[in-house]
Amino acid sequence: MSDNGNKQHDNSFEPRITAFVCTWCTYTGADLAGTSRLQMESNVRIIRLPCTGRIDPLFIIKAFERGADGVIVSGCHPADCHYTAGNYHARRRFTVFRELMDFIGIDARRLTFSWVSASEGTKWKEIVDETTDRVRALGPFTAYHNLAGGAEEAMAGGVQ
Amino acid sequence: MKLGYYPGCSMHGTAREFDESLQAIAKPLGLELTELDDWSCCGATSAHATNRLLGVALPARNLALAEQQGFKDVFAPCAACYSRLATARHEMQEDAKLDAKVKEILKRPFSNSVGVMNIVEVLRGLIPQIKEQAVQPLSELKVACYYGCLLLRPAEITGFDDAEDPSSMEDVTRATGATPVEWRMRTECCGGSFSLSRTGSVVRLGRAVINDARAAGANAIVVACPMCHSNLDFRQQAMGQREGATEMPILYLPQLVGLALGLSPQTLGLKRHFVSTQPVLELVAAGAAKGEVK
Amino acid sequence: MPRIGVFICHCGENIARTVDVKRVAEALAEHPGVAYSTDYKYMCSDPGQTLVKQAIVEHKLDGVVVAACSPRMHEKTFRRAASSAGLNPYLCEMANIREHCSWIHEDREEATQKAIELTRMMVEKVKYNAPMQAIRIPVEKRALVIGGGIAGIQAALDLADGGAEVVLVEKEPSIGGHMSQLSETFPTLDCSQCILTPRMVEVYQHPRIKLLTFSEVENVEGYIGNFTVQIRRKARSVDEDLCNGCGDCIASCPVKKIPSEFECGLGKRTAIYVPFPQAVPNTPTLDRENCTLFKSRAKTGKDACMRCQKACQRGAINYNQQDRIEEFKVGAIVVATGFQLYKITKEQPRPGISGYGEYGYGTVPDVIDGLQFERLASASGPTAGKILRPSDGKEPKKIVFLQCIGSRDCAKGIEYCSKICCMYTAKHAMLYRHKVHGGQAYVFYMDIRANGKGYDEFVRRAIEEDGAKYLRGRVSKLYRDGEVIKVHGFDTLSSEPVVIDADMVVLATAMRAQPNIEALAQKLSVSYDKHAFLNEAHPKLRPVETNTAGVFLAGAVQAPRDIPDSVAMASAAAAKVLDLFSADELEREPTIAKVDATICTGCFHCERVCPYGAVEHKEIRDRKGNLIKVIADVNPGVCQGCGTCVATCPSKSVELQGFTDSQVFAEINALMG
Amino acid sequence: MASPEQQETGHGLDQHAPAELKDEVAALTGANPARCYQCGKCSAGCPMAVETSLRPHDILRLINMDQREKLMENDSIWLCLTCETCAARCPNSCDPARVIDTLREMSLASGSTAAPKAISAFHQAFLNQIKSGGRLFEVGLIANYKFTGGALLADVMTAPGMFMRGKLALKPRRIKGVKDVRRIFAACEAAAKEQQ
């Protein structure tokens with residue numbers, strides 16, 4: 001449990017998780033989690049983007065390459081995109097991307113894809129905790145050095 | 001149509017004429033009924049009113065038997081049995097914990113794959129055959145179709161008709177040539193399970209049903225449930241008739257269909273009723289006479 | 001070497017309680033490229049901002065990172081401070097160490113480490129930030145108001161009186177909306193028509209309002225200050241310029257038995273008609289579905305009747321009129337399309353909503369809805385203001401009002417409170433008593449919600465002076481029983497079952513979103529909730545704005561609203577629009593996409609995914625004018641900066657300013673410290 | 001505003017108090033009693049409302065007020081016909097019918113004697129029949145019920161009427177799988193005890 005306040009700082013593995021979120025829904029939802037003082041795992045680092053539509057699959061590969069053990073991608077609910085349709089494009093892109101992850105050799109369970117609206121602080125907390133637990137159980141992602149270089153080439157054709 | 005037949009306890013006892021009439025119309029309508037081997041009681045209200053697990057496990061045993069015996073659907077003509085079987089099926093689908101628990105208790109393989117059908121649903125599916133086989137026009141007969149509670153509610157379990165504004169029994173009735181009357185009490189409760197234990201309530205509720213049917217001009221009430229039948233037929237005398245009012249015959253739906261098919265009153269068990277069905281038979285005869293004149 | 005300044009805020013104890021701010025500042029001071037790093041109790045305070053400004057000047061900073069609260073809170077504050085110290089504001093970024101760190105973690109060590117990392121990420125990003133200028137766009141000082149009910153009328157008048165040009169679009173033949181159908185209004189019982197009609201006329205006569213009735217919004221393009229809207233002018237079959245509203249055509253029409261929409265089916269109208277006598281404009285409309293001529297043309301191809309054309313001395317009847325599209329440039333849009341009433345019928349227009357089988361699915365005669373009762377009570381209505389049963393014209397001696405029909409009923413699919421029903425039911429009970437002496441009104445309610453000025457007093461009056469019997473409970477079932485309607489309810493306050501033999505039943509049915517409002521919302525890029533009410537930008541602080549800049553809301557399109565609320569919202573929306581129109585140009589954040597012409601291959605993947613149609617085709621020619629290639633070009637006025645094109649571009653030739661690949665990669669790279 | 005002290009106490013209560021009745025009922029039924037807003041539509045349609053002292057909406061109210069004893073000691077929960085009218089019309093899907101089923105079960109488990117003798121005797125007699133033969137033997141039921149229930153009414157006198165019409169079998173029929181049925185009974189009864 002994350003919120004019992006006496007977590008053991010032994011040598012057990014603490015994953016590093018990068019979150020790519022849109023500014024309108026999920027970032028605001030995460031802000032709400034903060035203003036509601038919802039205690040959660042501290043393993044997640046958020047990178048704010050205008051829309052999930054902006055998220056290039058290469059960002060995710062790059063994050064893994066730079067040592068992330070898990071990645072969260074989260075934006076507005078379908079039909080609620082601030083930019084009308086960006087999240088649909090993102091969803092389509094990530095359906096393809098999941099298959100690519102298999103191909104590259106990244107366990108798809110290391111990637112969480114979700115919708116969190118500006119009013120869903122609790123949901124954000126759940127996603128953070130669940131993803132952290134899951135990735136913690138999967139152990140560190142050690143294959144990242146294999147990703148260097150090759151990945152960018154693999155992506156050059158673009159994933160649409 | 002081939003169905004696994006779950007008669008339930010009352011069809012072999014107090015509701016014998018329900019079973020008789022159903023068996024009688026089955027053949028002409030092309031309905032093949034194979035009785036479930038070694039079926040047991042569904043537990044009725046007494047089980048689920050006192051022990052939810054028992055209320056699911058008892059019907060589940062029968063669903064499991066049906067599955068083992070290779071039936072795709074179980075046909076439970078008794079509305080109470082139907083309700084219990086359908087509820088058990090539904091609850092096990094909805095509640096994984098309950099599902100696991102019941103399966104553990106049953107101690108037999110069971111994947112909850114068997115559908116559950118009631119008498120109205122089955123006969124509604126046979127409307128074309130009823131129309132085709134009808135030899136006796138019931139045109140003089142006006143009937144009140146009584147659904148009661150267990151057939152329709154809860155809607156998310158039964159789902160074969162609109163729970164507040166049903167029409168399937170009326171559709172079957174029209175197929176027999178009889179006229180369904182418009183009345184108010186058709187989805188109200190008759191007192192059901194209190195038949196023996198709280199007779200006063202049953203008399204009060206049943207009286208309201210019969211009075212409304214009479215006010216709507218019905219010659220008979222058609223039911224699909226042995227409990228409704230016994231409450232309205234067996235208890236009718238206790239309800240105390242208004243001065244000059246005649247008794248209201250209570251027919252099972254297959255009895256009505258059987259009359260249209262020209263089957264004899266004996267075959268249909270029409271002599272087993274407490275309230276005489278003679279007035280109905282007379283109206284049927286009158287209709288037949290008119291038909292001949294035409 | 002960049003010279004970046006880092007400012008760690010304590011936010012009083014809010015951050016400092018769980019984050020060791022000193023250690024963060026020290027750690028960042030060591031970070032490459034950081035020229036100055038400090039912490040302060042309240043960075044957003046005046047002295048805090050001064051600290052930032054002074055540091056920019058003293059340490060010649062070329063980038064600033066403020067680690068404090070969410071950028072949604074204070075990004076503007078610090079960018080303004082940077083700007084006033086001579087630094088381009090877009091070289092200032094915030095690291096969120098409050099909402100995303102100190103408030104959600106208890107362990108000081110973990111929180112401090114995370115705060116250091118979050119701040120480092122932003123420092124790395126700022127290294128790649130480029131100076132930018134806010135975008136300036138001209139403003140078209142004309143507003144489109146959609147919907148001509150009381151909200152639209154109010155907004156249009158306020159705007160026009162404030163000096164703006166207005167295009168008011170109404171889909172029905174007349175403006176007036178639901179309010180024109182009401183008899184009297186709560187809590188003052190003043191006559192609805194009497195207060196509304198003058199405003200309708202004012203709209204009609206206003207020199208700055210262009211009124212387009214029997215018209216609908218076909219298409220919307222553009223952005224705040226610069227929308228292009230196309231309006232479908234539906235064929236009325238009557239030339240509005242020639243018609244003088246004499247009504248000869250109406251008198252001549254032989255088809256007289258069409259249920260009148262305005263009278264909620266309780267009255268009849270002709271095929272060529274004005275919906276009600278005070279309609280604005282007073283120009284008739286020909287209902288082609290019911291017209292003898294159009295029916296005959298459809299059936300036999302031959303002409304028939306045409307009496308209205310013969311009757312019209314001005315030659316205004318034009319059977320061959322076609323729908324036409326008119327285009328307008330507007331700078332802002334006010335959506336005031338109102339509501340529709342829920343019906344208890346079995347068939348429902350939306351999945352998830354169901355009717356009331358226990359109340360007969362709307363088939364029981366003399367069970368009417370609140371709007372129908374308004375028409376009965378209206379002096380200009382089908383019964384000239386007498387309360388009479390639709391079935392046999394008898395005066396009901398016992399009348400039962402049922403509240404919350406469809407409202408607050410999760411099982412029927414609508415969980416919200418419709419807000420106005422408690423009040424109008426009290427009004428109905430009062431009007432009934434005033435009109436039917438000795439009659440008895442019963443009201444089945446759940447809670448009386450009368451929280452407006454003079455509202456509760458009004459309800460008390462209905463109970464205390466006009467003798468309405470209020471029963472607290474929902475009705476389980478009702479049905480026709482001979483002459484009467486049997487109403488089976490329960491009075492939870494006396495704990496008794498109640499059966500009333502009513503002569504008439506009035507259902508206070510829910511307010512629902514307009515049909516097909518989703519299509520309009522999509523044209524406007526405005527989001528809506530699960531009931532299809534349009535979403536305001538912020539429930540408290542931005543109640544009439546939407547998330548699409550330049551689009552505003554007024555009235556029941558946003559949620560159930562009564563007349564005073566709708567009018568207040570309309571005036572608020574008008575004020576917002578006038579505020580927008582008060583300047584000749586607008587400033588916008590420059591976070592938009594930009595194409596690198598040298599590497600764009602012209603595949604136009606970006607064009608296909610752009611939700612705004614901001615991608616245009618640009619021809620590249622040599623000096624002789626020969627076409628070299630066609631590439632993509634982003635219209636800076638239209639682009640809203642979502643960045644979908646960037647992620648889609650196979651040649652990486654489009655960048656989103658402020659969120660470029662290098663900026664994001666810098667953040668990712670900073671992850672490992 | 002609550003003082004920090006009050007908050008402390010409040011928190012403590014939440015942690016250590018036994019589960020409230022409404023939570024228990026919610027867990028057992030899957031319906032949430034807290035959603036009841038006391039509209040009384042259930043009671044307005046309840047065919048037994050004229051006979052019971054607690055109507056369905058009263059029962060929901062008492063559950064939400066955690067009035068366990070009042071509910072268990074009242075015979076109203078036993079007078080439910082399980083006709084499901086309340087459940088069908090509840091605007092908040094509180095499912096009073098299912099809730100009342102659960103209360104009866106809890107009442108039995110708690111050893112309450114609130115059930116009207118005739119009704120509990122009937123249920124007992126009914127279940128005894130099934131336990132012994134796997135199916136209902138109606139003559140046995142009537143006999144068993146009338147003796148244990150003590151209400152030796154005119155009904156028994158009509159049994160000959162039933163018999164004359166061929167409606168009553170005089171011999172019980174026992175199914176092959178009766179052991180199977182008895183095992184189900186034993187397991188369910190054990191589970192009910194365990195829950196208690």
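These legends walk you through a few close-up views of a predicted model. Residues count from 1 along each chain as its sequence is written, while chains are lettered from A, and ligands numbered from 1, in the order written. Because the model is predicted, local features need pLDDT of at least 70 and side-chain atom pairs count only at pLDDT 80 or more, whereas totals for chains, interfaces and linings use all residues.

**View 1. How the chains meet.** Contact here means that the C-beta atoms of two residues, placed from the backbone, lie within 7 Å. Four pairs of chains are in contact, and chains B and D share the most contacts. Chains A and B do not touch, with their nearest C-alpha atoms 22 Å apart. Chains A and D are not joined by any contact either, and their closest C-alpha atoms lie 14 Å apart.

**View 2. Helix α15 of chain C.** Helices (DSSP runs of H or I, at least four residues) and strands (E, at least two) are numbered from the N terminus. Among the residues of α15(C) that are buried (20 or more other C-beta atoms within 10 Å of their own) are Ile563(C), Met569(C) and Phe581(C). The buried residues fall within an arc of 160° (directions from the helix axis to the C-beta atoms), so they line one face of the helix. Their cover includes α6 (150-161) and β6 (142-146) of chain C.

**View 3. Two domains of chain C.** Domain bounds come from an automatic or database assignment, which places domain 3 of chain C at 235-321. In this chain, 16 residues of domain 2 are in contact with eleven residues of domain 3.

Definitions and conventions
A residue is buried if 20 or more other C-beta atoms lie within 10 Å of its own, exposed if 12 or fewer, and partly exposed in between; C-beta atoms are placed from the backbone.
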